[in-house]
Each structure stands twice: as C-alpha cells, then as structure tokens.
Amino acid sequence: MYVRSRKTAQKFSEFLNEKQISSHYYHGGLGQGERNDRFLDWMQGKTQVMVATSAFGMGIDKPDVQSVIHVELPESLESYFQEAGRAGRDGNPANSIILYNPADKDRLQNQFIRVLSSVDYVRTVYKKLNSYFQISYGEGELEVFRFNFMEFCKTYGFNTMITYNALQILDRNSILTLAQEFYRKATLQFKVSAINLTYNLIKNPGIDAIVKSILRTYGGIFDQAMTIDHAAIAQKSKTKVHEVHEALLLLANNGLALYEHKNYDTMLTFLVPREDDHVINRIARDIKAQNKRKVEQVEALLNFIKNDKVCRSIQLLTYFDEKESAPCGICDVCIKRKRTLKKPENQKTIEAHILTLLREKPHASRDLITKLGDLNDKQLIAALKALLERRLIQLTATNKYKISE
C-alpha cells in the first residue's frame, strides 16, 4: 500500500492492525535497522501488508504480491508504473488499485505544482545562501556548510517547500550537493567537582552511563569547554542521540554544566565559485524544462485517472511511446466495456459500439467482432455497411476501418 507521507503511512498501518490485518509502516524517517527488520518480516510473510512511502522502492522483488494499492495519488505515471509493477511477478493474477476522489486533484497540485521554484526564485535562494554563509564573489567552491533549514527560511521569509525545491534544483544541476543529516555542534564543561557530580548522579541514575562515557572520552572537561560528539557518546553509553541531548540539558538546568548547542539538519557543498546571475543563467533553460516536465507528468496522471473510455494498458503504453497495442481485457475500462457490449440489442447499438472502438484507433473487422462479444458476421457487416454509406467511417490502405476524416 503506497501513501504520500510518513504520518499517513503510520496512520493506515495502525488502522489495519486494529482490524487484525498484520501490517508495518515504512518510510525514510525510520532507522536503517528498523527498515531492514520490517522489510524482512514482509518478505518472509510474517507481515501481510506493508504501508509505505516512495522510500519503499528499488530492490523490492517479492514474487507473490497480490495487490498494490495507492491510497493517495502517486506523483507521476512513471512512479505508478514502477510501483504497480511489483504485483503479480509470480505470474498469478494480481491487482493494482488507485483510490481517488476529486479533492486529490488539488492535493496533488498543491504538493507538486504550486511549490515549483521559478528561475527568479532559485536565483534569489542562491544569492541568499551565499550571503548566509558569507561567501565572497568568486569563492566558495567545494566549501561545506551545515545549517538549520527552517532557521534559514525564517531569516529570509521563504516558503519552506518552494525553497527546498529550489535547493533540489541547484543539486540536480550540479551547483551544489544537498544532504539531509542530523548534526549537533555542541560544547560542554562541567562546573562542579568530580565529587559533587558523582553525588548529583545518585539523584539522577538514568543519566549515569552517559556522564561516565563523557568523562572517559573527554579528559579536562572540568577545566575547559570541549567540543563533544553526541553520536559517539550515544554509542559508548548504549543510548540514543536524543537521550544524550536531554541528559546534557538536565545537567545544564541543574547548574552542573555549561552546555552550548546548535542543531543542524542540512548540509550543503558548493560545487562552483559564487558568480550569482551567471551561475543561474547557465541553468535557467533547464529549470524551465524541469518545471514544464513536472506539470506534464501531473497532468498525464490526472488524465489517466479521469479517462474511463480507453483501456488502462493502452493509456500507459501510449504515454511511454508504445503506440501499437491491443486492449488488455482485464482493466476496469475493458471489463466495463465487455459488460456493455456483451449482447447488442439492435443495429444502432452495434454501430455506436463500433464508433466507440474506432475512436481509439483503426480496427480490422476481425478485431471488431472479437471485441464486440456475442455478435455474428451478418450483424457486423450490416452495421459497417450502414456506417460506410453515411460516410461516418472509411477503409484504410491496410483494410482497417477508421473514423472518417
């Protein structure tokens, strides 16, 4: 089951578990070990359903997946085609289902179209990045900076989503590399003697392992402030990074230590020297092309959802430039058509069905009689003759019938 956000993944997984359907949720915010454990449970059949974001992607090759359900619309037909293709790899019948309501159109456009960064916006973000990090003109190549993304956006009044997309554009076009990471720069100094610190630890035994790891790692921390590594402390004390941070906050609040810290969640490496407009002008055409492509992808997906006249397989193959294809016969469109065309009642109905098929593409008479269900040769010939006489259809050079031009 695919969803768009981490919160939704957790929500649907909890709902399924409440209904006695074993489920895990999977997204990029989980630790590597937790992701591996959940993936293994699903691969081994211990978990029936995996509710995931697009982070559940490459390398998924479970042969007996019976259904892929998109609870929320994917961002493109490319994503849908790849994700839906994970069902039925063992050759057995399988389903790919998209749950859709009219509000999804606005949601998709809000998420992918209205947050696109224009060339001018990218230019502004690039200039402000250089100002924020105090990079001089002609300098900055291969320099690395860590910073808090939300603080940067707040400083300049930037919309966070559009700004993040601007950074991704700069990354895709090799102006900089963008990496999300947790990093906390901090210094620590104990203000009390070792004896007093030990006495206070008796009152707070929960942080004993953390403090002892610090004392073993940083000699002289009673004499001067020292830069500390939260991850290293967490590893040595067998705790988590956020627990180390909370313990140090407790020590500082109790007057036992001086703890100065700053959180970073984003790292940038500038790949080219600062040249402001010149840098952005070189990639302006690519930015416009990328934005246009994203708009086209969303429109194509929405058209695919709304088009209930043309076989889903034909729609997908046409999108991927495979024009010549026959209806699959098993999608919702084909099944609906079979029910409608099963037993034509009169010649006018037959003519209408023929015109519907020919609007998709030219057909030979043999194809028409196959797709029209319980229809004999005489009925088909009579209907075709009537349509030809009224010049609604015509024959091609390859003896196929098509709509008259």
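Colleague: Happy to look at this with you! How many salt bridges does a search of the whole structure find?
Modeller: Glad to help, and please keep in mind that this is a predicted model. The search covers the whole structure. Its count of salt bridges comes to 13.

Colleague: Let's take R123 and D120. How far apart in sequence are they, and what separation along helix α5 does that give?
Modeller: The two side chains meet in a salt bridge, at 3.8 Å from N to O. Both residues sit in helix α5 (residues 119-132) and are 3 residues apart. Their separation is therefore about one helical turn.

Colleague: Is R123 buried or exposed? And is D120 buried or exposed?
Modeller: The cut-off for buried is under 20% relative accessible area, and for exposed it is over 50%. R123 has 17%, so R123 is buried. D120 has 51%, so D120 counts as exposed.

Colleague: Nice. Which helix holds D277, the residue that pairs with R123, and how many residues apart in sequence are the parts this pair ties together?
Modeller: D277 and R123 form a salt bridge, with their closest N and O atoms 3.6 Å apart. R123 belongs to helix α5, whereas D277 lies in helix α12 (residues 277-306). The pair therefore ties together parts separated in sequence by 154 residues.

Colleague: How accessible is D277? And which residues do salt bridges with shared partners join into one network?
Modeller: D277 has 34% relative accessibility, so it counts as partly exposed. Shared partners link the salt bridges here into one network. Its members are D120, R123, K127 and D277.

Colleague: Moving on to K402, which residue forms a salt bridge with it?
Modeller: In this pair the closest N and O atoms are 2.7 Å apart. The partner has 82% relative accessibility and so counts as exposed. That partner of K402 is E405.

Colleague: Now the helices. How are α15 and α17 oriented to each other?
Modeller: Helix α15 (residues 347-360) packs with helix α17 (residues 377-389), their axes being 9 Å apart. The angle is about 70°, and the range from 65 to 115 degrees counts as roughly perpendicular. The two helices are therefore roughly perpendicular.

Colleague: Last one! Which residues of α17 meet α15?
Modeller: By class, this contact has 9 nonpolar, 2 polar and 1 charged residues. From α15 come Q347, I350, E351, I354 and L355. Facing them in α17 are Q379, L380, A382, A383, L384, A386 and L387.

Methods:
Residues are numbered from 1 along each chain as its sequence is written. This is a predicted model: local features need pLDDT of at least 70, side-chain atom pairs count only at pLDDT 80 or more; totals for chains, interfaces and linings use all residues. Side-chain values use heavy atoms; hydrogens and water are left out. Axes are lines fitted to C-alpha atoms, for helices over the stretch in contact, and angles run from 0 to 180 degrees between N-to-C directions. Helices (H or I, at least four residues) and strands (E, at least two) are DSSP runs, numbered from the N terminus. Angles under 35 degrees count as roughly parallel, over 145 as roughly antiparallel, 65 to 115 as roughly perpendicular and the rest as oblique. Contact means heavy atoms within 4.5 Å. Ala, Val, Leu, Ile, Met, Phe, Trp, Tyr, Cys and Pro count as nonpolar, Asp, Glu, Lys and Arg as charged, and the others, Gly among them, as polar. A salt bridge is a side-chain nitrogen of Lys or Arg within 4 Å of a carboxyl oxygen of Asp or Glu. Buried means under 20% relative accessible area, exposed over 50%, partly exposed in between (1.4 Å probe, protein chains only).
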